[in-house]
Amino acid sequence: MEHNMSQNEFALDIRGLSVEYRTDEGTVKALNGLNLSIKKGTSLGLVGETGAGKTTTGLSILKLIPDPPGKIVNGSIELFGSDLMEKSDKQMRKIRGKEVSMIFQDPMTSLDPIRTVEDQIAEAIRKHENLKRADAVKKARDVLELVGIPAHRGKEYPHQFSGGMKQRVVIAIALSCNPQLLIADEPTTALDVTIQAQVLDMMKKLREKYGMSMLMITHDLGIVADICDEVSIIYAGQVVEHGTLDDVYRHTLHPYTKGLFDSLPNMEDRTAKLKPIKGLMPDPRDLPKGCAFCPRCDFATERCKTEAPVPVYRNQEHYVCCHLYNSESFCQSEVTSNE
Ligand code: SF4
C-alpha cells in the first residue's frame, strides 16, 4: 500500500506481514502479506469472517503468536514509529499494557476467578508503575469508576459480576496503564445487544477522552459503523479493501465486502432473508494461487484463478484488491470529490 503520511503520524503501521503455523497436517498460512495502518488518535475496524486472520493480527502486534508452531515469516510492524521486530521479550513485556493493550472476546479467560477485581487491576498497574500496593488499589478503584463500576465493588470476585460488568472489568485492566493503542478482539460478542451497546458507547467515550488509537477486530459491520473512523476488510490473511467509513459503506468495491453487507440482518425489514456469502473460507494450508476469494466469487474470470490482485486506489485512502478494477476505473472527479 502507498501512503503519503510520514511514519510518525501512525499509531500502528504493518507492512507485508506473513504469519504461518507449522503443524503436522501442513503449513497454515494465517496472514499473507497483510498491510494495515492506524493514524494516531483514530479507530480502525478490522472486519472479516472467522478464520480470516483477525485474531492472529492482534496477537502479532503484541508478539504473542505461540512459537512454535507459529512464526512471523515476513513483514514489519511499527508501533508509534518503533520497530517491534527488533524488540526483545523483556522490552515487549514493557510495551504490552503500557503502549498497547488487548481485550479478548471472552472476559473469563482474562480474569482470575479467585482474586478480587481490584486486586487484578492493581497488579496490572504495578507491572508498569512503581506504586505501593495501597496506591495501586486506589488507582484501580478510580479505573473501575471510569468504566462505570462503583469503586466499592472492587472487593468482589469475577463470579459476582454479570457478563457485561465482567467485560467492563477486562476493559478496566486494559486501560489501567493508559495504553496509547487499544486492540479489542470481538469485545462484545458474548454480550446481549443492549449491554453490547452500553459497553461500546463507554469504549467510544473513553477513547475520545484519552485520545487513544484503537483497533476494533470484529465480524460485525454495524459495530464498526458505530465506533470506527476507518475500516479494513480482511480475507484469507490479506486486507482486500480499505477506506474511511464513507468510502467502504457508500462506495463498496470488493465482491467480498458486498457479500458481508448483504449478509447483515436488515433492521428495517425483518422479514427480508439474509444472504450469506456462498461457500467457505479457503483452507489456509492450501490457498488458491490467484485471488483467494475466487472459489466464492460470482465475478471470477480465468485471470482471477492465476494472478493475485494488487491494490488499486479509488482515492488517497480507499483501495481494493480485485481484478474488476484498474487505475482507469475511477474517474478524476470522483477521486477529488472524496479528498
Ligand atoms: Fe472476484 Fe476476481 Fe475480484 Fe477475486 S479478483 S474478488 S475472484 S473478481
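Good morning. By the convention used here, Ala, Val, Leu, Ile, Met, Phe, Trp, Tyr, Cys and Pro count as nonpolar, Asp, Glu, Lys and Arg as charged, and the others as polar. The structure I present today is a predicted model.

I begin with the ligand. By class, its shell holds 10 nonpolar residues, two polar ones and no charged ones. Among the surrounding residues are His254, Cys291, Phe293, Cys294, Cys297, Cys304, Cys322 and His323. The ligand takes up the space of the largest cavity.

I turn now to the sheets. Strands of a sheet pair through backbone hydrogen bonds, either parallel or antiparallel.

One open sheet has four strands in the order S2-S1-S4-S5, and its pairing is antiparallel. At its edges lie strand S2 (26-39) and strand S5 (82-83), each of which pairs on one side only. Inside this sheet, eight bridges link strand S1 (residues 10-23) with strand S4 (residues 70-79) in the antiparallel sense. One such detail concerns leucine 12, whose bridge partner in S4 is leucine 79. Helix H1 (residues 54-61) packs on this sheet and touches S1, S2 and S4.

A further open sheet is built from eight strands with mixed pairing, ordered S6-S7-S8-S3-S9-S10-S12-S11. Its edge strands are S6 (100-103) and S11 (311-313). On average, neighbouring strands here are turned by 20° against each other, direction ignored.

Which strand does S9 join through six bridges? The partner is strand S10 (residues 238-244), and the two run antiparallel. Serine 232 stands opposite histidine 242 in S10. Helix H6 (residues 163-175) packs on the sheet, touching S6 and S7.

Thank you for your attention.

Conventions. Residues are numbered from 1 along each chain as its sequence is written. This is a predicted model: local features need pLDDT of at least 70, side-chain atom pairs count only at pLDDT 80 or more; totals for chains, interfaces and linings use all residues. Side-chain values use heavy atoms; hydrogens and water are left out. A residue is near a molecule or strand if one of its heavy atoms lies within 4 Å of it. On a 1 Å grid over the protein atoms alone, a cavity is a set of points where a 1.4 Å probe fits but cannot get out, and a pocket is an open set with protein on both sides within 12 Å along at least five of seven lines; lining residues have an atom within 4 Å of a point. A molecule sits in a cavity or pocket if more than half of its atoms lie within 2 Å of its grid points. Two strands pair if DSSP finds at least two bridges between them. Contact means heavy atoms within 4.5 Å. Axes are lines fitted to C-alpha atoms, for helices over the stretch in contact, and angles run from 0 to 180 degrees between N-to-C directions.
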